[in-house]
Structures are given as structure tokens and as C-alpha cells.
Amino acid sequence: MTSTAAPPLPTVFGKGLRATTAGILLIVLIVAFEAMSVTTAMPTVVESLHGMAFYAWPFSAFMVANLLGMVLAGEISDRIGPGKPLIAGLVLFGAGLVIAGTATTMAQLVAGRMVQGLGGGVLIVVMYVLIGAGYPPELHPRVFGMTAVGWVLPSLVGPVVAGTLAEHAHWRLVFLGLVPLVVVGAALVLPGLRRLPSDPPREAAGASAAYRGGGRSRWPFALLAGAGVILLQVAGNRLDVVAVPLALVGLAAIVVAIRMLFPVGTATARSGLPTVVLLRGLAAGSFFAVDALVPLTLASVHGWSPAASGLPLTIGALGWSGASWIQGRYPSVARSLVVGTGLGCVAVACALMAFVAWTPGSGWVAYPAWIVGGLGMGLIMPSLSVLLLEFSSADDRGRNSAAMQIADALLSSLTIGFTGAVVAAATAGAFGLPTAIGSSNLVMAAIAVGAILVAARLRRRVSVGAR
């Protein structure tokens, strides 16, 4: 008898995928490092350009352009594939780095950040389309696990490197130093675009989800959503009579926008793609709102030093990376179970941080709490990305990827804005800071618990293409 050896299982660094994988990881690292480092260097940048009165503008410009880039990339990728949008995203992001890195005025800095945001939004969405088209489904958990690690690792070194450059070299290197890496990333990933397999339209496991407005372009609603977030942020900072109408207008703008940007049924957690999009927003919103409060809790409530107050975030990032790697090693485990477990971890972590805010001498609890929170996000984020592709067809990967990324960005902005407004009220004397922080953390824990109930609606169905 003649036995035929089974073909070897594909790997993310196997023949034909090695350069593409390396390029994707490098691009993710560049975008993530820039996001982490700019926040650290921005005080030095703004002071150098004599623009302290406009400190928030570079961040707002980036956020609005980022949302616009996501929507445009999703629509264009679905029509012509990921190749040209990927090139455009790399060019825009690199150009934005150059414009910001050579800025001599605040106007030029804001313009550079806007171009960066546009390119970054394009790249984030196109990565999903590229992974869906270029990798077999059994590799999706591992690829997304690696990209999740790529997003988290810069949080360990980005602030330190950016602070060192700004203090001992020049803040311009925070931007300009990344330009050569963008070129290298492009050189690695672009050849793989020519080897993408043909992927005809197919019926996916959750592809019944539709969008309002048919085939109409949705980019104006991305701008509307960004404007709504900015209005809410302004209202949260004012806390006066004008704040109420500003907040109402901002909230109305966001509601109108997301009705067009999200799949029909997202608000009611319809099974399939709408549930995936909603879960991404709930998970990111609950986690990042508390993440922003961890250093404030330890520094202002427990009197810790700045370095010690930020250390739990580093430990949480390590937990996130570890869990991302672990979930990629077990692709056969039901994604719904992995997501539910991760949300449970996030709920526990948020509740523990409320305990830290209210209990004297409990600051050390922040360390195990944020390890648990990081582990939860490391399970959730790659798994939702896998489910997104599972519930998408070749015709709507871009649009669906954009919807999920927008849910992440918008709900994170809303929850962080909410906690910021509560803390601002405490600073104005409405109540104590521990009360403000602890209550906000409990609200985020409740959101995570609600997301666990939503996750129960996930149905692990294998798409026709995967079968």
C-alpha cells in the first residue's frame, strides 16, 4: 500500500506569507508606536510651537480624519480590493509624519496630524481586508493575535522612547524617525498583494446584516460622528449652562451617524455581525475608560509617584499580549466562549479598580486587577476580529471592518468623555474624587457585564467559504 503524507499545515511565516506577515506587523507597530508616543511628546511639541491654547486640536484633527479614513477605506476596498487603498494609506501616513515632523506652526502640525489620521484609518481597515483575502481561515486567530501584540507592545516602550527623544534629542524625531520604517513596511507587504488568491463573492455566516442607505457613500456620517464626539468633549470640559445644549447636539449627531455607519440591528444585538460590532464597542469602551483612570487613582487617591502609578498599565499590556498569543494557539475553541471569558475578566478588573478607588491602602490591588483586565482584552479583540471575517463576504469585508473599528473608536471616546466629565465635576467640588472614580469604574464594570449577556447571542457558524 502506498500512503500519501498529509500536506503540512500553513503557517503565518510560511512560504508565500512570510513577507506579508512581516510587513503587516511592522505597519501595525509603526501606527501603534506613533499613537503612543505622540501623546507623550505633545506637551513639548506644543510648547515649542507656542500653541498651548490649541493643545487639543492635533488630537481632535487626528480622530475626525481617522474615522473618515476608516469609512473611505472600507467602501473602496470592497470595490477594488485592498491593494490601492493600502498604498494610499501608507503614502498618507508617511506624508502626515513628514508634515508634522517639519511643522513650524500649530496650523502645520494640525494639518500633519489630520493627514496622519486619514492614512492611519485607511491602514487599520485595509489590514482586515488583506488578512481576510490573503490568509486561510485557520490562520486568522494567529494572525490577529500577532497584530494584537503589535498594538500592545508599543505601549511598553513608546512613551519612554518619545519622552527621551523629546528631552534629549528633538521632538521632530518622534515623527520623522518613523518615515523609513513606513518605507520598509511597504516594501515587505506590497509584493504579497500580487499573490492574493481570487475570492469570488460568497454568502457568509452572518452576511444577512444590511446597512441603511443602500450603496450610498457614508463618509459624511463619519465626519458627523467625529464632530459629535468633539462637541461632547467640549461640553464635558465646560460644565456650565452652555455644556448641556452642546452635549445634546453632540449626542444627536453621533446617534444619526452610527445609524448609517453600523449594520442594521447593532443597537438590538442582532445575532451575527451586528453583535460582533456592538461587542467591540462595549469591550473597548469599558476597558479604556478605566484604563485612563488607573494612573489618576494611584497618584491622586493613593499618593503614588508618576512612575509607580503608570506601572499597572505596563503589566496590563503584558497580559494583553500573552492572552493574544494564547488564543491564537487554540483556533478550534469557540470564539463565543473566548469572548465571554474575556469580558468576564474585564468586568472583574473594572470592579476591582472601583475597590481601589474607595479603599485606603489598596493601591497594590491595581496590579493583579489590570493583569486580569489585560488578559481579558487579549482574548476579546483578536476573537472578535476572527468573527468579523467569519461573518463577512468578500464583498463587504471593508465595510464591516470599518464598522467595527468605528464602534471601537466612538464608544471609547464616549466612555472616556463620560469619566472625564465625572472627574471634572469632582474637581469642581460636586463630590469627592474617590467617589467619582469608583462610581465611574462600577459603571464600566456594568457595561462589561451587559456585554457578556450580548456575547451569548454569538453563534459559532462556519461560513460557506470556510467550509
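Are Arg280 and Asp408 buried or exposed? Both are buried. The views below come from a predicted model.

**View 1. A salt bridge joins Arg280 and Asp408.** The two side chains meet at 2.9 Å, N to O. Arg280 belongs to helix α11 (residues 273–301). Asp408 belongs to helix α15 (residues 397–427). The partners lie 128 residues apart, so the contact, at under the 4 Å cut-off, links distant parts of the chain. Arg280 and Asp408 are each buried.

**View 2. Glu34 pairs with Arg113 in a salt bridge.** The closest N and O atoms are 2.5 Å apart. Glu34 sits in helix α1 (residues 18–48). Arg113 sits in helix α4 (residues 106–134). This pair, too, links distant parts of the chain, with the two positions 79 residues apart in numbering. Glu34 is buried, as is Arg113. The salt-bridge count for the model comes to 2.

**View 3. Helix α2 spans residues 57–80.** The helix has 24 residues. From first C-alpha to last, α2 reaches 34 Å. That is close to the 34 Å expected at 1.5 Å a residue. Of its 24 residues, 18 are buried, so α2 is largely enclosed by the rest of the structure.

**View 4. Gly81 follows helix α2.** This glycine comes just after the helix. Gly81 takes a positive phi of about 90 degrees. The helix before Gly81 ends at residue 80.

How values were computed
Residues numbered from 1 in each chain as written. Predicted model: local features only at pLDDT ≥ 70, side-chain atom pairs only at ≥ 80, totals over all residues. Heavy atoms only, no water. Buried < 20%, exposed > 50% of the residue type's maximum accessible area, 1.4 Å probe, protein only. Expected span 1.5 Å × (residues − 1).
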